[in-house]
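Please open the structure in your viewer and keep the selection tool at hand. The tour moves from one stop to the next, saying each time what to select and what is found there.

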Amino acid sequence: MAVIGYARVSSTGQSLDVQLDKLREAGAEEVFAEKRSGTALTDRTELDAALRFARKGDVLLVTRMDRLARSVSDLRRLVDDLDGRGIGFRVLDQAAVDTTTPNGRLMLNMLAAFAEFETDLRKERQREGIEKARGRGVYQGRPASISRDSVAALKAEGVGPTEIAKRLGIGRASVYRLINEAAG
């Protein structure tokens, strides 16, 4: 059984030193570290390497859950993958989270459920606030970031939607939507 550490910070200005020290002190034999955003699981080469390195019976160790994943669904997907491969998961600063024990699995599931519940409540409060502001005429939504006139002018010149999207640095779907709105 090997203990594999994973450390992550979001920006190049942040230091990995504290996480690396904690992971080594906790017995991590191999440590993978990177400076990447945790909002998505894509483009995290060191996390991918750590997951490839881990074998049945090993334990993946992080200092805090948010170092591994920022969303409950991403965390759940990673932990389920580890569990399916017979790899444990432990969190140092939340010592009760240790999927190698029944109590630790229970704690992980409870924390994930509470986090998801809190996210749902926050979204609901935000929606209610937006509706209330709309009712008072205060909230108009996000300002348009795409110039309708620019799209229309390029279209009038005979430029195709793909080229319009490239020139304006926007998505093709947005170009098609604006062209359809203007025609409709």
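Begin by selecting Ala-156, which is exposed, with a relative accessible area of 68%. Before going further, keep in mind that this is a predicted model. Ala-156 belongs to helix H6, and if you add Gln-14 to the selection you will have two residues that are 142 apart in sequence and 49 Å apart in space, taken from C-alpha to C-alpha.

Stay with helix H6 for the next stop, and select Arg-148 together with Glu-181, whose side chains meet in a salt bridge with 2.6 Å from N to O. Because Glu-181 lies in helix H8 (residues 172–183) and Arg-148 in helix H6 (residues 148–156), this pair ties together parts that are 33 residues apart in sequence. Glu-181 counts as partly exposed at 43% relative accessibility, and Arg-148 counts as partly exposed at 47%.

Now select Arg-64, Asp-66 and Arg-67, which are joined into one network by salt bridges that share partners. Within this group, look at the side chains of Asp-66 and Arg-64, which meet in a salt bridge at 2.9 Å, N to O. Asp-66 is partly exposed, its relative accessibility being 23%, and Arg-64 is likewise partly exposed, with a relative accessible area of 37%. Across the model, the salt bridges come to a count of 10.

Another salt bridge can be viewed inside a single helix, so to speak, by selecting helix H4 (residues 72–84), where both Arg-76 and Asp-80 lie, four residues apart, or about one turn of the helix. Arg-76 forms a salt bridge with Asp-80, and the closest N and O atoms are 2.9 Å apart. Arg-76 is partly exposed at a relative accessible area of 26%, while Asp-80 counts as partly exposed at 41% relative accessibility.

Return to helix H8 and select Ile-179, which has its place there. Is Ile-179 buried or exposed? At 19% relative accessibility Ile-179 counts as buried, because buried means under 20% relative accessible area. Adding Arg-70 to the selection gives a pair that is 109 residues apart in sequence and 37 Å apart in space, C-alpha to C-alpha.

Next, select strand E3 (residues 59–62), which is where Leu-60 is placed. Leu-60 counts as buried, with 2% relative accessibility. If you then add Glu-30, the C-alpha atoms of Leu-60 and Glu-30 are 9.9 Å apart in space, although the two residues are 30 apart in sequence.

For the following stop, select helix H1 (residues 17–25) and colour its buried residues, which are Gln-19, Leu-20 and Leu-23. They cover an arc of only 100° around the axis, which means that they are on the same side of H1. Turning the view to the face of H1 that points away from this buried side, you will find the exposed residues Val-18 and Glu-25.

Helix H5 (residues 102–135) comes next, and one residue to select in this helix is Glu-124. Which residues gather with Glu-124 in a patch of negative charge on the surface? The patch is made up of Glu-116, Asp-120, Glu-124 and Glu-128, and Glu-124 itself is partly exposed, with a relative accessible area of 39%.

Leu-106 also has its place in helix H5, and selecting Leu-106 with Met-110 and Phe-114 shows a nonpolar surface patch of about 310 Å². Leu-106 is partly exposed, its relative accessible area being 48%.

The last stop is a matter of backbone geometry, for which you should select Asp-43, found in the loop between strand E2 (30–35) and helix H2 (45–53). The phi of Asp-43 is near 60°, a positive value in a residue other than glycine. Most residues other than glycine have a negative phi. Asp-43 counts as exposed, at 59% relative accessibility.

Conventions. Residues numbered from 1 in each chain as written. Predicted model: local features only at pLDDT ≥ 70, side-chain atom pairs only at ≥ 80, totals over all residues. Heavy atoms only, no water. Patch = residues over 30% accessible without salt bridge, like charges linked within 9 Å, V, L, I, M, F, W, Y side chains within 5 Å. Areas by Shrake-Rupley, 256 points an atom, 1.4 Å probe, with all protein chains shown as cover. Salt bridge = Lys/Arg side-chain N within 4 Å of Asp/Glu carboxyl O. Lys, Arg positive; Asp, Glu negative; His and termini not counted. Charge placed at Lys NZ, Arg CZ, Asp CG, Glu CD. Helix = DSSP H or I, 4+ residues; strand = E, 2+ residues; numbered from the N terminus. Buried < 20%, exposed > 50% of the residue type's maximum accessible area, 1.4 Å probe, protein only. Arc of directions from axis to C-beta.
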